[in-house]
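Please examine the sequence and the model shown here before reading on. The paragraphs below lead from the overall fold to individual residues.

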Amino acid sequence: MNYENLNIWCWIIPILIGIISAIFGYLIGKSGARPIENSAQLKTLEDENTKLKKDLAACTKSLAMENSEVNTTPSNLMEDSVGDTTAFNADMAKAAFGKKIKENDLKVIEGIGPKIEGLFHNYNINTWQTLSETPVAKCQEVLNSGGDRYKLHNPASWPMQAKMCYQGKWKELNQWQDQHKAGKF
């Protein structure tokens with residue numbers, strides 16, 4: 001056996017394998033580095049996002065205008081002797097809900113039952129006006145005071161519903177409650 005030839009092959013074989021591996025690595029890397037062409041899809045989504053933002057702004061503006069019209073219409077406001085609150089109209093409430101509603105009955109609000117109403121009374125939240133001015137975090141604190149059994153309740157809409165009660169918007173409240181079962185947004 002000729003050791004001189006063997007010594008040369010010990011160098012040539014690893015070099016050839018290295019060169020071939022480098023060529024394959026370069027070709028594989030080059031083929032995988034092509035940018036994916038999705039600019040058309042990205043442009044479409046950006047256009048849709050812009051359109052949705054414009055629609056949201058228009059809807060918000062329209063809602064603000066409706067609210068200002070509703071709040072300033074004389075037929076919707078009935079001032080009592082204090083002058084800054086709405087007088088309770090039991091007949092309007094009964095017409096909207098089909099049952100007798102007592103003034104400042106928190107149970108009218110979707111999600112509040114007798115026990116939760118009692119929790120709110122413990123915190124001196126006895127009226128629709130007081131509840132409408134109560135932050136959601138405070139409502140959650142009231143629920144937490146009742147223990148674990150009240151964790152399932154979500155008070156996010158309760159101040160808004162209480163405001164509708166306080167302002168005498170019975171039809172709107174009834175429609176909202178029909179659309180949002182369990183008082184969830």
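The explanation begins with the chain as a whole and then turns to its aromatic rings, one helix and two loop residues.

The model is a predicted one. Its protein chain contains eight helices and zero strands, so that the order of elements along the sequence reads α-α-α-α-α-α-α-α. The chain has 185 residues, of which 23% count as buried. Its accessible surface amounts to about 13500 Å², and carbon and sulfur atoms account for 58% of that area. Contacts also join distant stretches of sequence: among those between residues at least 6 apart, 50% connect residues at least 24 apart.

Aromatic rings offer a way to see such links in detail. A pair of aromatic rings is described by the distance of the centres and the angle of the planes. The chain has five aromatic pairs. In one of them, the ring centres of Phe88 and Trp128 lie 5.6 Å apart and the planes meet at 50 degrees; the pair is therefore tilted, since only angles over 60 degrees count as edge-to-face and those under 30 as stacked. Phe88 belongs to the loop between helix H2 (39-72) and helix H3 (90-97), whereas Trp128 belongs to helix H5 (residues 128-132), so the pair bridges parts of the chain that are 40 residues apart. The two partners also differ in their surroundings: Phe88 is partly exposed, at 25% relative accessibility, while Trp128 is buried, with a relative accessible area of 2%.

A second pair is formed by Phe97 and Trp170. Their ring centres are 6.1 Å apart and their planes stand at 80 degrees, which makes this pair edge-to-face. Here Phe97 in helix H3 is linked to Trp170 in helix H8 (residues 170-179), 73 residues away along the chain. Both Phe97 and Trp170 are buried. Ring pairs join Phe88, Phe97, Trp128 and Trp170 into a cluster.

Trp170 leads to helix H8 itself. Which residues of H8 are buried? They are Trp170, Leu173, Trp176 and Gln177. These residues cover an arc of only 125 degrees around the axis, so they lie on the same side of H8. An α-helix has 3.6 residues a turn, and residues three or four places apart therefore point the same way. On the other side of H8, Lys171, Gln175 and Gln179 are exposed. The cover over the buried residues of H8 includes H3, H5 and helix H7 (158-167).

One of the buried residues of H8, Gln177, deserves separate attention. Its relative accessible area is 6%, and Gln177 is buried because this value is under 20%. The side chain of Gln177 reaches the backbone oxygen of Val108 at 3.0 Å. Apart from neighbours within four places in sequence, Gln177 is in contact with Phe97, Val108, Ile109, Glu110 and Gln161. Phe97, a member of the ring cluster, is thus among the contacts of Gln177.

Finally, the backbone has two residues to consider. Most residues other than glycine have a negative phi. Asn104, in the loop between H3 and helix H4 (114-122), has a positive phi near 60 degrees. Asn124, in the loop between H4 and H5, has a positive phi of about 60 degrees although it is not a glycine. Are these two residues buried, partly exposed or exposed? Asn104 is partly exposed, with a relative accessible area of 24%, whereas Asn124 counts as exposed at 61%.

Notes: Residues are numbered from 1 along each chain as its sequence is written. This is a predicted model: local features need pLDDT of at least 70, side-chain atom pairs count only at pLDDT 80 or more; totals for chains, interfaces and linings use all residues. Side-chain values use heavy atoms; hydrogens and water are left out. Helices (H or I, at least four residues) and strands (E, at least two) are DSSP runs, numbered from the N terminus. Buried means under 20% relative accessible area, exposed over 50%, partly exposed in between (1.4 Å probe, protein chains only). Contact means heavy atoms within 4.5 Å. Accessible areas come from the Shrake-Rupley method with a 1.4 Å probe; for residues, only the protein chains shown count as cover. Rings of Phe, Tyr and Trp (its six-membered ring) pair if their centres lie within 6.5 Å; planes under 30 degrees apart count as stacked, over 60 as edge-to-face and the rest as tilted. The arc is that of the directions from the helix axis to the C-beta atoms. A polar contact is a pair of N or O atoms within 3.5 Å; within protein, one must be able to donate a hydrogen and the other to accept it, and residues adjacent in sequence count only if both atoms are side-chain atoms.
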